[in-house]
Amino acid sequence: MEAFEYFKDLAIIIVAAKLCGLLAKKLKAPQVVGQIAAGLLIGPTVLGIVGQTDFILVMAEIGVILLMFSAGLETNLRELLKTGPVALTIACAGVFVPLVLGWLLYSLFFGFAEFGSDEFFKGVFIGTIMTATSVSITVQTLRELGHLKGKIGTIIVSSAIIDDVIGIIVLTFVIGFRSADAKPLDVVIKTVLFIVFSVVVGVGIYFLFKLLDKRSFHHRRIPIFGLALCFIMAYCAEEFFGIADITGAYVAGIILCNLRDAEYIAGKMDISSYMLFGPVFFASIGLKTSFSGFTLQLLWFSLAFAVVAMAAKVIGCGLMARAWKLSRRDSLKVGVGMMTRGEVALIVSQKGLSVGMMSPQYFTSVILLILTSSVLSPIFMKLLYRGEDKPDHAHPDGINFDIEETDEVYAEY
C-alpha cells in the first residue's frame, strides 16, 4: 500500500469520528461511543471504506498510550492521600466484586475452566474489564444537581481515581499470569521490580523536571520531554518487565502529575490526542469489532454483561459505603455513581484483544455497557437526590477538600 493511501484513511477516520462523536453528544451519549460507531460504519463491517492496516494499528497504539499518559497526569496524588481509608476501601470493593462476578458470568455462559488455563484467564479478563470506572457522566450530573462538592460527591470522585489505579495493577497481573511460560512468582517479582524501578527512577526524573519547570515554566520543551518520558516508560514496562505498555505510560503521567506545569503538559497532549490519535484509537475499535460468528448466546451474554457490570459496582461500592456507616440512600448513591464505564474499559478491552485474551465480538458487550451505564446512572442519581438541599462548599463530615482540581480528569473525551 502506497504511503499516500494512508492519508486518505486518516482523513476519513477523523471526519467520520468527529461527526459521529457530535451526533452521540446530541443524543446525550459519550462521544467515544460515536467514534467507535464511526469505525463500525466506515470499516469492513458496513461500508468497507477503511480497512485494518499496520499503520492504523500503530497510530491506535500511540493513541492509547497518550490517553493513559494524560490520565496519569490528571491524577492528583495529594487529593488521594487526603481521602483516607473510606475511598480506598470503596475502590477496592469496586474492583474485587466486579472481577469475581465477571469471571463467574463468563464461566456460567462458556463453562468453568481449569484454574490457570487459557479459558480461565479469559474469564478473569472479562472481570477485569468490569473493574474500570469512568465517572465523567456522574460528575456532570452531580455538578448540575449542586452536590459535586458534597460528602458523597467527594467520595465518588476520590474512589474512582483510586479504582482506576487498582484496575491497571489488576490488568498488569492478569496479562502477566496469562503468558504461556509465566510463573506466578516471576510475575509477582517482575511487577514488584517495575514498581521499585518506577519509584526510584520516578523520584529522580520528577526532581529533574521540577528543576526544568522552575527554569522554563510553560515552555514547550517540558511537554516534549514529558512525551519522551511517556514513550520510554511504555517501552521499559513491556520490554524489561513484561508489563503492559499502557501501565508504563500511566506511571509516566503519575511521575509528572505534581509539577506546576502538569496541566500545561496534559493540555499539549490533549491537542494531539483530541485531533488525531484519540479518534484513530476509538475508531480502530469499531474497525476491529466483528459480528461474524455473533450468536444468540453472545447476544444474551452481552445483555447479562451490562447488567452484571453495573450491579457489581452498586453492590461492591454500596456495601462498603454502608460498612462505613453511611445511610442506605447515601450508600446507594455511591454505588450508582461508580457504575458508569467509559474510555478506560475500552483501553483495557483493546489491550486484551492485542494479547489474545478477548475476541472482537466482545467489543459489542463493552459498548453496550458504556451506553446503558451512561444513560441509567444520571437518571438514578437524579432520583436519589430528589428533594435534597444543595450542600455547602465545605462539609464538616471529615472529608473537606476542594474537588475542582480533579474535575477535569473526568471531562468527556
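# Group meeting: a helical chain and its side-chain pairs

Trp 103 has a relative accessibility of 25%, so this residue counts as partly exposed. I begin with Trp 103 and its ring partner, and I note at the outset that the model is predicted.

The partner is Phe 112. The two ring centres are 5.8 Å apart and the planes meet at 75 degrees, so the pair of Trp 103 and Phe 112 is edge-to-face. Phe 112 itself counts as exposed, because its relative accessibility is 52%. A second edge-to-face pair is formed by Phe 110 and Tyr 362, with 6.3 Å from centre to centre and 85 degrees between the planes. Where do Phe 110 and Tyr 362 lie in the chain? Phe 110 belongs to helix 4, residues 77-110, whereas Tyr 362 sits in the loop between helix 14 (343-354) and helix 15 (363-384). The two residues are 252 residues apart, and the pair thus links distant parts of the chain. Phe 110 is partly exposed at 28% relative accessible area, while Tyr 362 counts as buried at 11%.

Phe 110 and Tyr 362 also belong to a cluster. Ring pairs connect them with Tyr 106, Phe 109, Phe 301 and Phe 305. In the structure as a whole there are 18 aromatic pairs.

Let me now place these details in the overall architecture. The protein chain contains 16 helices and zero strands. Of its 413 residues, 53% count as buried. If one takes the contacts between residues at least 6 apart in sequence, 82% of them join residues at least 24 apart. The accessible surface amounts to about 18,500 Å², and carbon and sulfur atoms account for 67% of that surface.

Helix 1 is a convenient element to examine in detail. Helix 1 covers residues 3-26, and at 1.5 Å a residue its 24 residues should span 34 Å; the end C-alpha atoms are 36 Å apart, which agrees. Which residues of helix 1 are buried? They are Asp 9, Leu 10, Ile 13, Ala 16, Ala 17, Cys 20, Gly 21 and Ala 24. The cover over these buried residues includes helix 2 (31-42), helix 3 (54-73) and helix 11 (262-288). Just after helix 1, Lys 28 adopts a positive phi of about 65 degrees.

Helix 1 also carries a salt bridge, in which the side chains of Lys 8 and Glu 5 meet at 3.6 Å, N to O. Lys 8 and Glu 5 are three residues apart in helix 1, so about one helical turn separates them. Both are partly exposed: Lys 8 has a relative accessibility of 41%, and Glu 5 has a relative accessible area of 27%.

Helix 11, one of the elements covering helix 1, contains Ser 284. Ser 284 has a relative accessible area of 2%; since buried means under 20%, this residue is buried. Apart from neighbours within four places in sequence, Ser 284 is in contact with Ile 56 and Ala 60.

I turn to the remaining salt bridges that I wish to discuss. A search of the whole structure gives seven. The side chains of Lys 313 and Asp 163 meet at 2.7 Å, N to O. Lys 313 is in helix 12 (residues 296-323) and Asp 163 is in helix 7 (residues 151-178), so this pair ties together parts that are 150 residues apart in sequence. Are these partners buried or exposed? Lys 313 is buried, with a relative accessible area of 0%, and Asp 163 is buried with a value of 0% as well.

Another salt bridge joins the side chains of Glu 238 and Lys 351 at 3.6 Å, N to O. The pair links distant parts of the chain, with Glu 238 in helix 9 (residues 221-241) and Lys 351 in helix 14, 113 residues apart. Glu 238 is partly exposed, with a relative accessible area of 38%, whereas Lys 351 counts as buried at 9% relative accessibility. In addition, Asp 118, Glu 119 and Lys 122 are joined into one network by salt bridges that share partners.

I close with the surface. Val 188, Val 192, Ile 195, Val 196, Val 199, Val 200, Val 203 and Phe 207 form a nonpolar patch there, with about 680 Å² of accessible area together. Val 199, one of the patch residues, is located in helix 8, residues 184-215.

Conventions
Residues are numbered from 1 along each chain as its sequence is written. This is a predicted model: local features need pLDDT of at least 70, side-chain atom pairs count only at pLDDT 80 or more; totals for chains, interfaces and linings use all residues. Side-chain values use heavy atoms; hydrogens and water are left out. Patches are made of residues with over 30% relative accessible area and no salt bridge: like charges are joined within 9 Å, nonpolar side chains (Val, Leu, Ile, Met, Phe, Trp, Tyr) within 5 Å. Accessible areas come from the Shrake-Rupley method with a 1.4 Å probe; for residues, only the protein chains shown count as cover. A salt bridge is a side-chain nitrogen of Lys or Arg within 4 Å of a carboxyl oxygen of Asp or Glu. Helices (H or I, at least four residues) and strands (E, at least two) are DSSP runs, numbered from the N terminus. Buried means under 20% relative accessible area, exposed over 50%, partly exposed in between (1.4 Å probe, protein chains only). Contact means heavy atoms within 4.5 Å. The expected span of a helix is 1.5 Å times one less than its number of residues. Rings of Phe, Tyr and Trp (its six-membered ring) pair if their centres lie within 6.5 Å; planes under 30 degrees apart count as stacked, over 60 as edge-to-face and the rest as tilted.
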